[in-house]
Number of protein chains: 4
Amino acid sequence: MGDVARAMPQDSVIVQESSPTAQPGDLALLIGRDRKSVLLRLEPGAELHTHHGTLSHDDLIETSWGSYVPTRMGRPMLLLRPSTDDIVRQLTRTTQIVYPKDAGYILMKMSIAPGCCVVEAGTGSGALTLVLAQAVGPTGHVHSYEIRPDVRNLARKNLAGLGLSDRATLKLRDISEGFDEHGADALFLDLPNPWDFVEQAHAALASGAFFGCILPTANQVIEMLGALGGSGFGVIEVEELFVRPYKATAARLRPMDRMVAHTGYLVFARTLA
Amino acid sequence: MGDVARAMPQDSVIVQESSPTAQPGDLALLIGRDRKSVLLRLEPGAELHTHHGTLSHDDLIETSWGSYVPTRMGRPMLLLRPSTDDIVRQLTRTTQIVYPKDAGYILMKMSIAPGCCVVEAGTGSGALTLVLAQAVGPTGHVHSYEIRPDVRNLARKNLAGLGLSDRATLKLRDISEGFDEHGADALFLDLPNPWDFVEQAHAALASGAFFGCILPTANQVIEMLGALGGSGFGVIEVEELFVRPYKATAARLRPMDRMVAHTGYLVFARTLA
Amino acid sequence: MGDVARAMPQDSVIVQESSPTAQPGDLALLIGRDRKSVLLRLEPGAELHTHHGTLSHDDLIETSWGSYVPTRMGRPMLLLRPSTDDIVRQLTRTTQIVYPKDAGYILMKMSIAPGCCVVEAGTGSGALTLVLAQAVGPTGHVHSYEIRPDVRNLARKNLAGLGLSDRATLKLRDISEGFDEHGADALFLDLPNPWDFVEQAHAALASGAFFGCILPTANQVIEMLGALGGSGFGVIEVEELFVRPYKATAARLRPMDRMVAHTGYLVFARTLA
Amino acid sequence: MGDVARAMPQDSVIVQESSPTAQPGDLALLIGRDRKSVLLRLEPGAELHTHHGTLSHDDLIETSWGSYVPTRMGRPMLLLRPSTDDIVRQLTRTTQIVYPKDAGYILMKMSIAPGCCVVEAGTGSGALTLVLAQAVGPTGHVHSYEIRPDVRNLARKNLAGLGLSDRATLKLRDISEGFDEHGADALFLDLPNPWDFVEQAHAALASGAFFGCILPTANQVIEMLGALGGSGFGVIEVEELFVRPYKATAARLRPMDRMVAHTGYLVFARTLA
């Protein structure tokens, strides 16, 4: 690697602001040789127990990101900052979650970017909430509704653990009463009967704004299309996404034997004036 | 729709900061009945010519987003703010672009969020550049390299048209000389021979940071996996994404007859310390 | 190629019974350099006009299969026996057809093999009829029902052109009156409302026999599942097939840019005693 | 069901020749409530032990196909003739097999029908061999080569168990020495290095005949395309097939959560004169 790195040009710019080493309070991902991974928040003095052996958090703190750290059984664990994808996959959950493949596409289709005001229901375990909160940045906000107290509490804990609490307001509320917000940029429903809340969603959104929902069954999509058809929404789209993983071996490149075949149908629409 | 909107609760919050009507300088999308759409920047006095007839920009300015505006031929055109997906699809291009389905997933896999420093090569028409620039927000930055002056100029024009010029620095440079940046959070290569720049990429990235590239052929993926294997990268993943669109008709829900079957293979990796 | 062919072992067996050259009356496929192909029945004295130029059938007769024959414009056309796949794709049609990918799978799922008695409705252009007729061989039979005289006539012409007329009986009949057959091995419905004929299908089939249908919309599948649920059928399965074609270039192996995304949902079931 | 069945028309035809009840020596499939199934050959006096309980073959013999027969634990098992798909899936195997989705498509692309002479190597567990043997009927033949004695013996046992022994000749032979056959209609290779046998394959096939192979990795496809390119083959095609299964529930139609994502790439070609 050395030549290029040594020959750092005169006008080279050190762009990194975050620490090159893991610090107390950082969220860390440890990956074993078997590709299994663990997500943890670094705390001085704490211990991590994995099936590859035990590790002291103190052995990780002040270690460079991207290093292999051995467990007490001598197994190397790779220390990394988790990606959004890693975080969503590792999230403690009691509900079906919105997967990263779908969440990333939702950002594109619903133009969710720094500064946006987004409304969401139900919160569930907070997987989409965290992606939205991350994407809207400190100048945007997510207003997320959930009707089950235990689920809301889990989402709150998940978001707090990620340091995103102040970007998302979690409300324990039945949305049949309507949303508090009006003029929102985007609104996403991840609940079994979104057709019952089409009016409430329209009222919460700015004119021309982005509506989306995710539904596991074709029957639900059919019902939702019926509800959207007569309700002040246009540009209705239904799409599915597939991610096909490959075995990443140069000598034997091939798709994995099995893949996730379905998470949900995505329905998108725009509010009409 | 009325009941809910009228029954606006006492604690209702008007979250929208942007104007509910189209304003001079706004980027607008006009969609005809045939679902064909046009992207335009609103300029007082300008005219738009479509196969549905002519429209004066002045008829659009001060009109509510989400309204139907008739052309002089009497055909209704729906006035909307474009989504990121719309903008990418409508982008003036002379090169193959990174599609929104892939771009959204790249954000998730490479943790690109407000405040990130991202390096990219080649810029191409700027499709991925604009998605990255939008995602990193005003506190992040995109450093994008391109070797062909005409392509760089097109990307510059595209980004300027979207008001994203100050978030992305476009450099006309051969990256075999290396990148100016060091300690970057993420680096993405969209060029035919990324294996030739693996060292340069490693030198530009922070330890443990995110590397990605997109490649159209299996041969290229095989060559890239070979190059990554011996070069200070780990957690190598190869994936493909498919988007399957449906005919959004409640009475006859079915997939579209044809779909895009391939854009490119995505390769992701992490830098090792 | 020569060494192996020359070194033909003593116990070598010439297995081919059909002529190594094209004969009058043979069905032939001609493929141009652009991969476009034409299906024709060879007739002494006849001429074929293609966008690559004109060819006399006499130039093809007595020519080896697998040879390139030039048109009068000097363009080489490859002379081949058509595959079942080629024949189905080239079939004159006025209706949507069952594609080879689905037809081949139907053979596997419904155990259609030499000697089988198969019932089918509607005949349509005869695409599935010809695959079934070919598969059941001279000792089996296909009984195919169609309600539209013009469509039946086209299918009759298509099957006659393939020399399969005596393996398939085409009936012009409304199947709401029931099928003539009883104890059939397999029955396939390719019509818009198969749920209206579930009783008739059950009556035509042997106990434990194979039922199948193909339906373009999810709504139809839902309605059909409802009808099958209470009607003496079991082991109900719903599946879709995709074929993804690649650009077959050794140096640049990659999927084609676009593909057929949907032909129909396949529904299979077994009759209960 | 009754009305139609009772109203059997005067010209009704009883087409079934096989027995409506299970007979000694028949191949039978038993399916439990959990959809798990067992394949067995009925023998008077024999017993079947399943996790749903024990069943005497004598309780199945003379029972109507399509009946539910209780085990001694009182669990109902559905008695059916197995489909080709069932047989392939249940086949005793020591090797990767060609799946029914691919086998059915191979029949279509390679025009395998009653009367055909087909050559195959390697035999493997005999999954494709049995599909080919069934499809060519009593007037066709399959010549199948295998180099490993134990594998050949398993295939022999599998084919004998299906009563297909006289339609397929299994040869224990290294095909680098060439095939015995010349002028074959179709030849299929399911082995890791088909590029080493391109000349042998060409020598065994009639001019213009059908060649096919299945390969798990992109690297192998690339190598094979290189070999076919200069070797007397044309009309080269590479394709993959996917089967996507659904949960067959009328009220909640949706794809299964997971699916088989890859079995192999199919390569097809035609021999040139």
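**Group meeting: a walk through a four-chain model**

Hi everyone. With 19 C-beta neighbours inside 10 Å, B:Asn219 counts as partly exposed, because being buried takes 20 or more. I should say right away that this is a predicted model. B:Asn219 sits in helix α8 of chain B, residues 218-229. What does B:Asn219 touch, once we leave aside its neighbours within four places in sequence? The contacts are C:Ala251, C:Arg252 and C:Leu253 from chain C, plus D:Ile222 from chain D. I like this residue as a way in, since the contacts just named bring in chains C and D.

Let me step back to chain A. Chain A has eight helices and 17 strands. Its C-alpha trace spans about 60 × 45 × 45 Å along the principal axes. Of the 273 residues in chain A, 53% count as buried. For those of you who think in contact maps, take the contacts in chain A between residues at least 6 apart in sequence: 61% of them join residues at least 24 apart.

Now to where chain A meets chain B. The count is 85 residues of chain A in contact with 85 residues of chain B. Which element gives the largest share of chain A's side? That is strand β14 of chain A, residues 233-247, with 13 residues. By class, chain A's side of this contact divides into 46 nonpolar, 25 polar and 14 charged residues.

Please also look at a pair of helices from these two chains. Helix α4 of chain A and helix α4 of chain B, residues 100-109 in each, have axes that come within 7 Å and cross at roughly 115°. The crossing of α4(A) past α4(B) is right-handed. From α4(A), the contact is made by A:Pro100, A:Lys101, A:Ala103, A:Gly104, A:Tyr105, A:Leu107 and A:Met108. From α4(B), the residues are B:Pro100, B:Lys101, B:Ala103, B:Gly104, B:Tyr105, B:Leu107 and B:Met108. In class terms, this helix contact has 10 nonpolar, two polar and two charged residues.

On to chain C, and helix α6, residues 149-161. Here is a quick sanity check on its geometry. At 1.5 Å a residue, its 13 residues should span 18 Å, and the end C-alpha atoms are indeed 18 Å apart, so the two agree. Where do the buried residues of α6(C) sit around the axis? The buried residues are C:Val151, C:Arg152, C:Leu154, C:Ala155, C:Asn158 and C:Leu159. They cover an arc of only 160° around the axis, which puts them on the same side of α6(C). The face turned away from that buried side carries the exposed residues C:Pro149, C:Asp150 and C:Ala160. As for what covers the buried residues, the list includes α5 (127-136), β9 (141-146) and β10 (168-172) of chain C. Just after α6(C), C:Gly163 takes a positive phi of about 70°.

Let's compare that with helix α5 of chain D, residues 127-136. Is α5(D) largely enclosed or exposed? Here 10 of the 10 residues are buried, so α5(D) is largely enclosed by the rest of the structure. Those buried residues run from D:Ala127 to D:Val136, and they include D:Thr129 and D:Gln134. After α5(D) comes D:Gly137, whose phi is positive, near 70°.

I'll finish with some backbone details for anyone who likes checking torsions. In chain C, a cis peptide bond joins C:Ala121 and C:Gly122, with omega about -15°. C:Gly122 lies in the loop between β8 (117-121) and α5 of chain C. In chain D, D:Ala121 and D:Gly122 are joined by a cis peptide bond, with omega about -10°. D:Gly122 is found in the loop between β8 (117-121) and α5 of chain D.

And then the glutamates. A:Glu62 has a positive phi of about 75°, although it is not a glycine. A:Glu62 belongs to the loop between α2 (57-60) and β6 (68-70) of chain A. With 12 other C-beta atoms within 10 Å, A:Glu62 is exposed, because the cut-off for exposed is 12 or fewer. In chain D, phi of D:Glu62 is near 75°, again positive in a residue other than glycine. D:Glu62 is in the loop between α2 (57-60) and β6 (68-70) of chain D, and it is exposed, with 12 other C-beta atoms within 10 Å.

Thanks for listening!

Notes
Residues numbered from 1 in each chain as written. Chains lettered and ligands numbered in written order. Predicted model: local features only at pLDDT ≥ 70, side-chain atom pairs only at ≥ 80, totals over all residues. Axes fitted to C-alpha atoms, helices over the stretch in contact; angles between N-to-C directions. Helix = DSSP H or I, 4+ residues; strand = E, 2+ residues; numbered from the N terminus. Left-handed = near helix turned anticlockwise from the far one by under 90°. Contact = placed C-beta atoms within 7 Å. Nonpolar A, V, L, I, M, F, W, Y, C, P; charged D, E, K, R; others polar. Expected span 1.5 Å × (residues − 1). Arc of directions from axis to C-beta.
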